[in-house]
Amino acid sequence: MTEIKLYNTKTRKKEVFEPIDADNVRMYVCGPTVYDRAHIGNARPVIVFDVLFRLLRHVCGKKHVTYVRNFTDVDDKINARAAESGRSIGEITAETTQWYLEDMAEVGALEPTHMPRATGYIGEMIAMIEALIAKDHAYPAEGHALFRVRSYENYGALSGRDMDDMIAGARVEVAPYKEDPMDFVLWKPSSEDQPGWDSPWGRGRPGWHIECSAMAKALLGDVFDIHGGGLDLQFPHHEDEIAQSCCANGTEEMARFWMHNEMLQVEGKKMSKSLGNFFTVRDLLEQGVPGEVIRFVMLSTHYRKPMDWTEKKRAEAEKTLYQWRENLTGVEPSKPNDELVAILGQDLNTPQAVSQMRVLFLSWINARTHGENFDKSELEWEAEFLASAQLMGLLTPEGGKWFDQSFDFSWHIDAFLKARDEAMDSKDFSKLDALKEQLVEAGVVVKMSKEGVEMSQGPNFDASKMVGLA
Ligand code: AMP
Ligand code: ZN
């Protein structure tokens, strides 16, 4: 069995991964709050933990890995979005959940084994809070339930924070119902117009952290193998999850391994709407950037390093994938390359795995020239190359829609240029605009410049809509 070593935030060391139960390797990753399209940073944990999921399935067997990623569908950001848009909460969360699944499928992420929604586990959350209160780890106050942080001596161990420093930080605005400024909310009261459930503390809704503790317990048990998420969640979210779960379940630990991906930024700057460098996964797909290219760019940086999304990386990734796909002849994948599996086993060293893919590609192309290479035929190399790529979620059949550039746009380009000339003469651009809109509607990426017009197939390209367009 390939050795897997993972960096454990808890011990700040790379450790050999030994499953608690080899028949059921269990991983929980914090998922999205569903009120808006996922931005490109949100795709990073999805891709990172998808690679780990694929690796675990490869090493431990498909049937022996359980992966849970939740949807946070009760949150004040969702309430605010409903209030400002005049739409119902249910409509917003259902729509956003669907978008998320579509967008993450585009970047090649497998669906986790379970994708629980927080609102489906309110009963479990209430039961856990009751257990915490019964053990004096929590207390009710003015319609709230609060976790008594000082009752858990390991609080702060994961993020390496000192209790006294945290108190200093928490003093700014202390709610009157808190015994101690450090205490955090497990349950809070809801007004008439806010979503709420009946509870022993009155009608209300859960605080954010308790949902992950309750869903992980219900689906994975009291102690499981790996808990993951973005680095921004390490404190306080994961610290609070550990405190709740360990105190309620009476365990020493919640998960053996805690893993955190570093953050993504764009062209050297933190993504923000005001800087104009904020974009969603869907924005990129609609600009014609294939999901597979997004995935490749993400894999090119190690997950524990900050990563920068740049146009240059996008272009290079697309060139590489194009070259790889262009050479595929349609053989079935065989087994992934041993060295590549070992590289991924070293704390998911995806940048080195990408380098190894380039080595394998050259070996394959060399075999084509010489008939064979290191005792392997051209086809054997291709099959191994393909299996290796697919272990990382690349070069899959579903990921290749963008490469199928079979549609011939020359007729539409001519018609478009003619319409443009007419519009220039008559100064009436309405027909040209309408034509462009129809092309975009058919999933065509239209790029206009002084030299002319270029058309290519976007992710939603639908050739049937091209008929009769001019
Ligand atoms: P949220 O919906 O904000 O709770 O985030 C969902 C997931 O995306 C969490 O695991 C976050 O840690 C992660 N995340 C958010 N922003 C970024 C970013 N810029 N880079 C990497 N991961 C991020
Ligand atoms: Zn969580």
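I took contact to mean heavy atoms within 4.5 Å. The model I examined is a predicted one.

**Entry 1: Ile294 and the cores**

I looked up Ile294 and set aside its neighbours within four places in sequence. Ile294 is then in contact with Ile40, Val107, Val281, Leu284, Leu285, Val289 and Trp309. I next turned to the largest nonpolar core, which has 73 residues; Ile40 and Ile294 touch the most other members. Helix H1 (residues 43–60) supplies the largest share of this core, 12 residues. I noted that the core lies between domain 1 (5–264) and domain 2 (312–402), because both give residues to it. I also found a second, separate core of 43 residues, with Cys30, Met163, Phe184 and Ile242 among them.

**Entry 2: the zinc ion**

Which protein atoms are the donors of the zinc ion (ligand 2)? I found Cys30 (SG), Cys212 (SG), His237 (NE2) and Glu241 (OE), lying 2.0 to 2.2 Å from the ion. Along the chain these donors follow the spacing C-x181-C-x24-H-x3-E. Cys212 lies in helix H6 (residues 208–220) and Glu241 in helix H7 (residues 234–249), so the pair ties together parts 29 residues apart in sequence. I recorded both Cys212 and Glu241 as buried. The angles subtended by the four donor atoms run from 79 to 129°; I therefore entered the arrangement as irregular, since a tetrahedral one needs all angles between 85 and 135 degrees.

**Entry 3: helix H12**

I checked the length of helix H12 (residues 350–370): at 1.5 Å a residue, its 21 residues should span 30 Å, and the end C-alpha atoms are 30 Å apart, which agrees. Its buried residues include Met357, Leu360, Phe361 and Trp364. After H12 comes Gly371, with a positive phi near 85°.

Key
Residues are numbered from 1 along each chain as its sequence is written. Chains are lettered from A and ligands numbered from 1 in the order in which they are written. This is a predicted model: local features need pLDDT of at least 70, side-chain atom pairs count only at pLDDT 80 or more; totals for chains, interfaces and linings use all residues. Side-chain values use heavy atoms; hydrogens and water are left out. Helices (H or I, at least four residues) and strands (E, at least two) are DSSP runs, numbered from the N terminus. The expected span of a helix is 1.5 Å times one less than its number of residues. Buried means under 20% relative accessible area, exposed over 50%, partly exposed in between (1.4 Å probe, protein chains only). A nonpolar core is a set of buried Ala, Val, Leu, Ile, Met, Phe, Trp, Tyr and Cys residues joined through side-chain atoms within 4.5 Å. Domain bounds come from an automatic or database domain assignment. Donors are N, O and S atoms within 2.8 Å of the metal (3.2 Å for Na, K and Ca); water is not among the atoms, so sites may look incomplete. Four donors count as tetrahedral if all angles lie between 85 and 135 degrees; four count as square planar and six as octahedral if opposite donors are over 155 degrees apart and all others between 65 and 115; anything else is irregular.
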